[in-house]
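Biologist: Thanks for joining me to go through this model. Could you take my questions one by one and show me how you get to each answer?

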Amino acid sequence: MPSKTTIPTTILIIQLLWILYLLFEYQFGNSHIPVAFILLNILAIFSGIILIFSWFFYFKAKGKLMIWKMVIGISVATILALLGIYIWMGFDKY
């Protein structure tokens, strides 16, 4: 594997494994403790850090790799999903 694709591939694998674990925890986890929601918050923080790194590795790079678009897309989708859940919780409460 070329050294240019090592970082985004590793990040993509970590993101996908974390999302699979999040879905598993949501499906089979304890319903009294919102572990899946806490994990989604942690994943959104991780996604924010990834977006900061992608600024340096993708947007400022001369040769843009396609795999960074997947990493950025998953990060943005995770953050938007969390924001949607917070908005949904806000409307449901009031």
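Biologist: Let's start with a loop: where does Gly-63 lie?

Modeller: Happy to, and please keep in mind that this is a predicted model. Helix H2 covers residues 35–59 and helix H3 covers residues 66–93. Gly-63 therefore falls outside both ranges, given that helices are DSSP runs. Its place is the loop between H2 and H3.

Biologist: Is Gly-63 buried or exposed?

Modeller: The cut-off for exposed is over 50% relative accessible area. Gly-63 has 52% relative accessibility, so the class is exposed.

Biologist: What separation do the C-alpha atoms of Gly-63 and Phe-46 have?

Modeller: Along the chain, these two residues are 17 residues apart. In space, the C-alpha atoms of Gly-63 and Phe-46 are separated by 25 Å.

Biologist: What pattern does the chain follow along the sequence?

Modeller: The secondary structure comes to three helices and zero strands. Read from start to end, the pattern is α-α-α.

Biologist: How confident is the predictor, and which element has the highest mean pLDDT?

Modeller: Over the chain, pLDDT averages 85, and 93% of the residues score at least 70. Among the elements, H2 has the lowest mean, 88. The highest mean, 90, belongs to H3.

Biologist: What is the handedness of the crossing of H1 and H3?

Modeller: The axes of H1 (residues 6–28) and H3 (residues 66–93) come within 9 Å. They cross at roughly 35 degrees. The crossing of H1 and H3 is left-handed.

Biologist: And how many charged residues are in the contact of H1 with H3?

Modeller: On the H1 side, the residues include Ile-7, Pro-8, Leu-12 and Gln-15, and on the H3 side they include Trp-68, Met-70 and Ser-75. By class, the contact has 11 nonpolar and three polar residues. The number of charged residues is zero, as the contact has no charged ones.

Biologist: How many charged residues does the contact of H2 with H3 have?

Modeller: H2 and H3 pack with their axes 8 Å apart, at an angle of about 140 degrees, and their crossing is left-handed. Their contact has 18 nonpolar and six polar residues. The charged class has one.

Biologist: Gln-15 caught my eye in H1. Why does Gln-15 count as buried?

Modeller: Buried means under 20% relative accessible area. Leaving aside neighbours within four places in sequence, Gln-15 is in contact with Phe-46, Ser-47, Ile-50, Val-71, Ile-74 and Ser-75. Gln-15 counts as buried because its relative accessible area is 0%.

Biologist: Which element gives the most to the largest nonpolar core?

Modeller: In soluble globular proteins, nonpolar side chains tend to be buried together. Here the largest nonpolar core has nine residues, including Ile-11, Ile-50, Tyr-58 and Trp-68. H1, H2 and H3 are the elements that give two or more residues to this core. With five residues, the element that gives the most is H3.

Biologist: Which residues are in contact with Ile-11, leaving aside its neighbours within four places in sequence?

Modeller: Ile-11 is itself a member of the nine-residue core. Leaving aside the neighbours within four places in sequence, the residues in contact with Ile-11 are Ile-50, Trp-68 and Val-71.

Biologist: How many residues does the other core have?

Modeller: This other core lies apart from the largest one, and Leu-22, Ala-36, Leu-39 and Leu-82 are among its members. Its residue count is seven.

Biologist: Which class does Ile-85 fall into?

Modeller: Ile-85 is found in H3, and, leaving aside its neighbours within four places in sequence, is in contact with Phe-37 and Leu-40. The partly exposed class lies between the 20% and 50% cut-offs. Ile-85 has 26% relative accessibility, so its class is partly exposed.

Biologist: One last pick: is Leu-17 buried or exposed?

Modeller: Leu-17 lies in H1, and its C-alpha atom is separated by 17 Å from that of Ile-79, 62 residues apart along the chain. Its relative accessible area is 54%, so Leu-17 is exposed.

Biologist: And what share of the chain do buried residues make up?

Modeller: The chain has 94 residues. Of these, the buried share is 27%.

Methods:
Residues are numbered from 1 along each chain as its sequence is written. This is a predicted model: local features need pLDDT of at least 70, side-chain atom pairs count only at pLDDT 80 or more; totals for chains, interfaces and linings use all residues. Side-chain values use heavy atoms; hydrogens and water are left out. Axes are lines fitted to C-alpha atoms, for helices over the stretch in contact, and angles run from 0 to 180 degrees between N-to-C directions. Helices (H or I, at least four residues) and strands (E, at least two) are DSSP runs, numbered from the N terminus. A crossing is left-handed if the near helix is turned anticlockwise from the far one by less than a right angle, and right-handed if clockwise. Contact means heavy atoms within 4.5 Å. Ala, Val, Leu, Ile, Met, Phe, Trp, Tyr, Cys and Pro count as nonpolar, Asp, Glu, Lys and Arg as charged, and the others, Gly among them, as polar. pLDDT is the predictor's confidence in each residue, from 0 to 100. Buried means under 20% relative accessible area, exposed over 50%, partly exposed in between (1.4 Å probe, protein chains only). A nonpolar core is a set of buried Ala, Val, Leu, Ile, Met, Phe, Trp, Tyr and Cys residues joined through side-chain atoms within 4.5 Å.
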